[in-house]
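Dear colleague,

Please find below the structure that I am handing over to you. My findings follow directly after it.

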Amino acid sequence: MGCFQSKTAIVQSSDVETPQLETKPDLVNGDQLDENQVPAFNEFGLNELRAATNGFSSEMIVSESGERAPNVVYKGKLQSNRVVAIKRFSKQSWPDPQQFVAEAAGVGKVRHKRLVNLIGCCAEGDERLLVAEYMPNDTLSKHLFHWDKQPLPWEMRVRVAYHIAQALDHCIAENRKIYHDLNAYRVLFDEDCDPRLSSFGLMKNSRDGKSYSTNLAYTPPEFMRTGRVIAESVIYSYGTILLDLLSGKHIPPSHALDLIRGKNMLLLMDSSLEGQYASEDATALVEVASKCLQYEARDRPDIKFLLAAVAPLQKLEVASHVLMGVSKTPVVLPTMLSPLGKACARMDLTAVHEILLKTGYRDEEGAENELSFQEWTQQVQDMLNTKKFGDIAFRDKDFKNAVDYYSKLVSMMAAPSGTIFVRRALAYLMIDQPELALRDAMQAQVCLPEWPTAFYMQALALSKLGMETDSQDMLNDGSSFEAKRQNSWRN
């Protein structure tokens, strides 16, 4: 596998940081999201997103309506190698760029493990773009209505209903009570095949927030009357999702309610589910759907009722990818890993710190002493003092100050030091800034192209970012250079 350097000829120094908006998530209800795996909300430059999508190539479009959709979604790869979904709005959707950025930043604060989290936006010129986590295992629409190998099993359908209710509950708790156009296309499956609700639906669809793009037969009655959605509208739309899950096809709510009132529940149920569920469980879910689809908004239940009603219907504690018949390739560590490589593989930051302290600067073959041969000037003295204070802070686990001193040192040095970049990378990881850690680990590789430590630190940062496949590649590359180094010593 090629190293990261080959993908970006010149790696931007982590001293030049992209401006970031303050959006530290405050999660509740015990549903903690690993913040290391989801970067802070960020304003991206248009050039970076254009490069990430190969110039917004039609080959990178992943939205199921393709180029016919009013707001197209692309798959893209950022400079950090993170794979993302990029939604490109029509130019008329958000005429005011500041309003767009403010709305996106607000949505970016709503973080949860049941959401496809928003990680950035771009508002340059006429372009309005949102950047979110990429979900590799398609949409609920694909798995329900256009499946290839097997229909979605009953237990997985119940899990979808519960997970989406959890996502909506969190949004409401975060005062995001309006979700626009909730439908089967808005539910996506992550790398573990767990269902998540797209954060794109938390954004307004147009400048006045009135637009509702699904078939009118499925829209909430109040939208038909007034052209607006209200907080209770999302409950109605959740009911249409339940109908999709129960029937495996698009059934207009009015027709479904006629079947329910006529006690023709079997005509509503997906025939492929026969023998997979208890009749009382199916009846319970049908009743929940019926309550959600009440004509008057005040007659619909709240989200807490839905959570309490759906939770008992889950019977199996089986991994989602198993239920969906999706095989996951087990991670196989390389056979030869140094103690540092093993520590990075198991994400043991304390062990990595201890090993880097013991190693010191020896891998740079005398770089520690090169300053003594330079003309003794005040600048050199300042560099030595800055390095000394940085090393002391690093030793004492004062990682914020270590970052500050090493950053100052990098700006002073004529020739960058791979060891300084590696130490600052670990310091960044210790203060929960894995993307900056990845940049520094990549810079260390630029300084020392075959240095296993640089690859191992990239692997650690990538793993923190949730990019396990790329992390595994970096571990393999580091192990290969480790073996090459040992063979050269033997010869």
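Asn54 sits in the loop that links helix H1 (46-52) to strand E2 (72-77). In this predicted model, the phi of Asn54 is near 55°, a positive value in a residue other than glycine. Most residues other than glycine have a negative phi. Asn54 is exposed, with a relative accessible area of 55%.

Asp432 is a further case of this kind: its phi is positive, at about 65°, although Asp432 is not a glycine. The loop between helix H16 (418-430) and helix H17 (434-447) holds Asp432. With a relative accessible area of 44%, Asp432 is partly exposed.

Regarding the chain as a whole, it contains 19 helices and eight strands. Of its 491 residues, 53% are buried. Among contacts between residues at least 6 apart in sequence, 67% join residues at least 24 apart.

One pairing of strands begins with E2. Strands E2 and E3 (83-88) pair in the antiparallel sense over six bridges, and Tyr74 has Ile86 in E3 as its bridge partner. The two strands form a hairpin with five residues between them, in which Asn81 takes a positive phi near 75°. Ser80 also lies in the loop between E2 and E3. Is Ser80 buried or exposed? Its relative accessibility is 14%, so Ser80 counts as buried, the cut-off being under 20%. Ser80 and Met442 are 362 residues apart in sequence, yet their C-alpha atoms are 9.5 Å apart in space.

E3 is also joined to strand E6 (residues 129-133), by five bridges, and these two strands run antiparallel. Within this pair, Lys87 stands opposite Leu130 in E6.

A separate description is due to the strands E4, E7 and E8. They form an open sheet of three strands in the order E4-E8-E7, with mixed pairing. E4 and E7 are the edge strands, as each pairs on one side only. Which strands of this sheet run parallel? Strand E4 (residues 115-116) and strand E8 (residues 195-198) do, and two bridges join them. Leu115 has Leu197 as its bridge partner in E8, while Val116 stands opposite Ser198 in E8.

On the other side of the pairing order, strand E7 (residues 187-189) and E8 pair in the antiparallel sense over three bridges. Phe189 has Pro195 in E8 as its bridge partner. E7 and E8 form a hairpin with five residues between them, and Cys193 in the turn has a positive phi of about 70°. Helix H4 lies across E4, E7 and E8, and runs at about 40° to E8.

I turn next to the nonpolar cores. The largest has 74 residues, of which Leu130, Leu140, Leu168 and Tyr238 touch the most other members. Helix H4 (residues 154-173) gives this core its largest share, eleven residues. Leu130, which stands opposite Lys87 in the pairing of E3 with E6, has contacts with many parts of the sequence listed here: residues up to four places away in sequence aside, Leu130 touches Ala85, Ile86, Lys87, Phe89, Phe100, Ala104, Leu118, Gly120, Cys121, Phe200 and Met203. A second, separate core has 48 residues, including Met442, Leu460, Ala461 and Leu475. Met442 is thus named both in this second core and in the pair with Ser80.

Finally, I examined one packed pair of helices. Two packed helices are described by the angle between their axes and the distance between the axes. Helix H9 (residues 279-292) and helix H10 (residues 303-310) pack at an angle of about 170°, and their axes are 10 Å apart. H9 is therefore roughly antiparallel to H10, since angles over 145 degrees are counted in that way. From H9, the contact is made by Leu285, Val288, Lys291 and Cys292; from H10, by Phe305, Leu306, Ala309 and Val310. How do the residues of the contact of H9 with H10 divide into nonpolar, polar and charged? Seven are nonpolar, none is polar and one is charged.

Yours sincerely

Definitions and conventions: Residues numbered from 1 in each chain as written. Predicted model: local features only at pLDDT ≥ 70, side-chain atom pairs only at ≥ 80, totals over all residues. Heavy atoms only, no water. Axes fitted to C-alpha atoms, helices over the stretch in contact; angles between N-to-C directions. Helix = DSSP H or I, 4+ residues; strand = E, 2+ residues; numbered from the N terminus. Parallel < 35°, antiparallel > 145°, perpendicular 65-115°, else oblique. Contact = heavy atoms within 4.5 Å. Nonpolar A, V, L, I, M, F, W, Y, C, P; charged D, E, K, R; others polar. Pairing = 2+ DSSP bridges. Core = buried A, V, L, I, M, F, W, Y, C linked by side-chain atoms within 4.5 Å. Buried < 20%, exposed > 50% of the residue type's maximum accessible area, 1.4 Å probe, protein only.
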